[in-house]
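Hi,

Here is the structure I promised to pass on to you. Have a look at it first, and then read my notes on what turned up inside.

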Amino acid sequence: MAAITGWTDPARDLREADATVAQLIAALTPRARGAASLWSDRETMLAHRADPTCPQGTGLAELRDNGRTIAVAVLDGYLQNTEELAGVLGVGRGAAPADVLLHGYLAWGPAVAERLEGNFAFAVWDARARRLVLGRDRIGITPLHYARAGDGTLFSSDLAALVDHPMLRAEMDKEGLCALITQIRPPGRSALRGVREVPAGCVVVLSGANEEVRRYWTLEARPHEDDLDVTLTRVRELVEDAITRDVRGAHPAVLLSGGLDSSALTGWATKLTAQPPLTFTVAFGDGASAVPDRPYSQDVARMWRTDHREILVRPQELSDPVVLAAVLAAKDYPSPFGDKNITPFLFSRRVAEHTEVALSGEAADTVFGSLGGQIKTGYELSTFPWVEKAWKWGARSGLGTRLFDPKLLAEIGAESYLDLRFREALDEVPHLPGDPQRNRLGRQYDYLTVTRMLDQAINHSERLAAAAGLQLRYPFSDHRLFSYLYNVPVEMKWYDGRGKSLLRTLAKTLVPESVLTRPKVPYPITYAPQYKAALAARLRGLLDDSDAPVLPLLDIAAAHRIAADPDLLDRGGWFGRADVEFALNLDAWLRRLRVHLHL
């Protein structure tokens, strides 16, 4: 959809590095395929690239005074409050978001990030102070990576684009490999040496050799004094406000799975805009889906008379090498999710043929505390909640790790790394003095999920959709809603003994009864035999390739057993495929980024 990149180097004349500048911009192609806007002078270049259908138009702006550049800004993502800020700043109606950002920076400095609403990443080059300011939205949905290179700094929306720069080299040590395998990274850290991310809710100010990270938003513990009725009213107001700001008068479109979250979102979008939204449901061509979404999504479509489309994904597409390469290029890191990533990419690509922007119900599980029912008297967290689920299947280092060589995992200290990251995250959790144990555990669940797990969920879907030409917006990830519900007691979130009690109550007039009583299932998963056979064949091909960079990391005997008996992929449903998916995806990622391992 859109992407940004830039390079500052006071010791180099970037006007003589036009081939490298062009390479930086070209490398943004997986995220944005349209024309690029470029600003450059002797020591700095900033670029913005966007598809022609990008909803917010150009994302590059420059301010000059007496022929001299004052500051330049590039912006990726979207701002919900462009018009409001334009009015405050006196910029004028119709100003582009990047212009508003730049005027806001001149008025408020790096604190401009506190005034921005939406999902965004930006860079401002302050030519007066000779400093680079990088910023990212509160939840960290829009990507932004950076690295120091020589006397300067490189930044990019795309990790692969960054490490493809001739002054950088993709290197990974034991800690980086642990981060990759466990899928747990401290905020702001990358799995690659010398590469960082702008942490969610932060701005990074880089001036000469100085680097300062300034946090402008985080979850905070506050007393919750509202009773159940007031809480329900307040939650409804927050959700409706988030949806209204995300739609902003446009014809709404919703990715409708037929689950509670997307169905309620569809109902709200219809009521708030007074027009039937476009709704889209994924359908598998062979009818072999284990997720019976179709009847539920059809019930919702009938209830609200939406303009409903079923998007067909055929099993053979899930193993198409060209599709697999596009999915890998779309994401920052490999994952064990396989078709849980491939299907959304194909789905988003086809949805993009009908609309430029769509709403997603993702993050509702997090914000409404659906994990709270697991909290028992005397229970204490011993690791991240989603890793604990993997433990039950013998994956001590997390989901998808059972094909890695146990000796290697012990040598790099994967379990120790995971425990260290867990303890660090636990120490960050904000509590109130005297909080009951149940509420302390509830806050731990919520904080760990918001700050660590969303990186494996929303961030994947955002990047996949952007690469497919679709901008996704996530009303349930609104930071105001997160802040409010973080402080709602567990008993209130589960007041009727079921997960997401508050959302279920609010959704009673928004969804059919069939959706309210529907059990939660993985989405979107196919169990088509063709896909399983293709997965086993890909594993056999990997094992036959002596140059495959992932082979030294694997338990080769275990991999051969699965390759010889594809039925072993069915262990634990889709969970059993994750080990093979992760090995294949990691191998492709190591090749693509030309990663040098230092173990």
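How many cavities of 30 Å³ or more does the structure hold? There are eight of them. Please keep in mind that this is a predicted model. I have notes on two of the cavities for you.

Let's start with the largest cavity, which contains about 180 Å³ of space. Its lining is made up of 15 residues, and those closest to the centre are Arg185, Tyr333, Pro334, Asp455 and His460. If you would like to find the surrounding elements, look for helix 5 (174-182) and helix 16 (458-467), each of which gives at least two residues to this lining. Helix 16 provides the largest share, with three residues. Sorted by class, six residues of the lining are nonpolar, five are charged and four are polar.

Next comes the second largest cavity, with a volume of about 150 Å³. Which residues lie nearest its centre? They are Gly118, Asn119, Ser477, Asp478 and His479, out of 17 that line the second largest cavity. Strand 6 (118-126) and helix 6 (228-247) each contribute at least two lining residues here. The largest share in this case belongs to helix 6, which supplies three residues. As for the classes, the lining of the second largest cavity has six charged, six nonpolar and five polar residues.

A good place to begin in the viewer would be Arg185 and His460, both among the residues closest to the centre of the largest cavity. After that, you could turn to Gly118 and His479, which are among those nearest the centre of the second largest one.

Happy exploring, and best wishes!

Technical notes:
Residues are numbered from 1 along each chain as its sequence is written. This is a predicted model: local features need pLDDT of at least 70, side-chain atom pairs count only at pLDDT 80 or more; totals for chains, interfaces and linings use all residues. Side-chain values use heavy atoms; hydrogens and water are left out. On a 1 Å grid over the protein atoms alone, a cavity is a set of points where a 1.4 Å probe fits but cannot get out, and a pocket is an open set with protein on both sides within 12 Å along at least five of seven lines; lining residues have an atom within 4 Å of a point. Grid points are joined across faces, edges and corners, and a volume is the space filled by probe spheres set on the points. Helices (H or I, at least four residues) and strands (E, at least two) are DSSP runs, numbered from the N terminus. Ala, Val, Leu, Ile, Met, Phe, Trp, Tyr, Cys and Pro count as nonpolar, Asp, Glu, Lys and Arg as charged, and the others, Gly among them, as polar.
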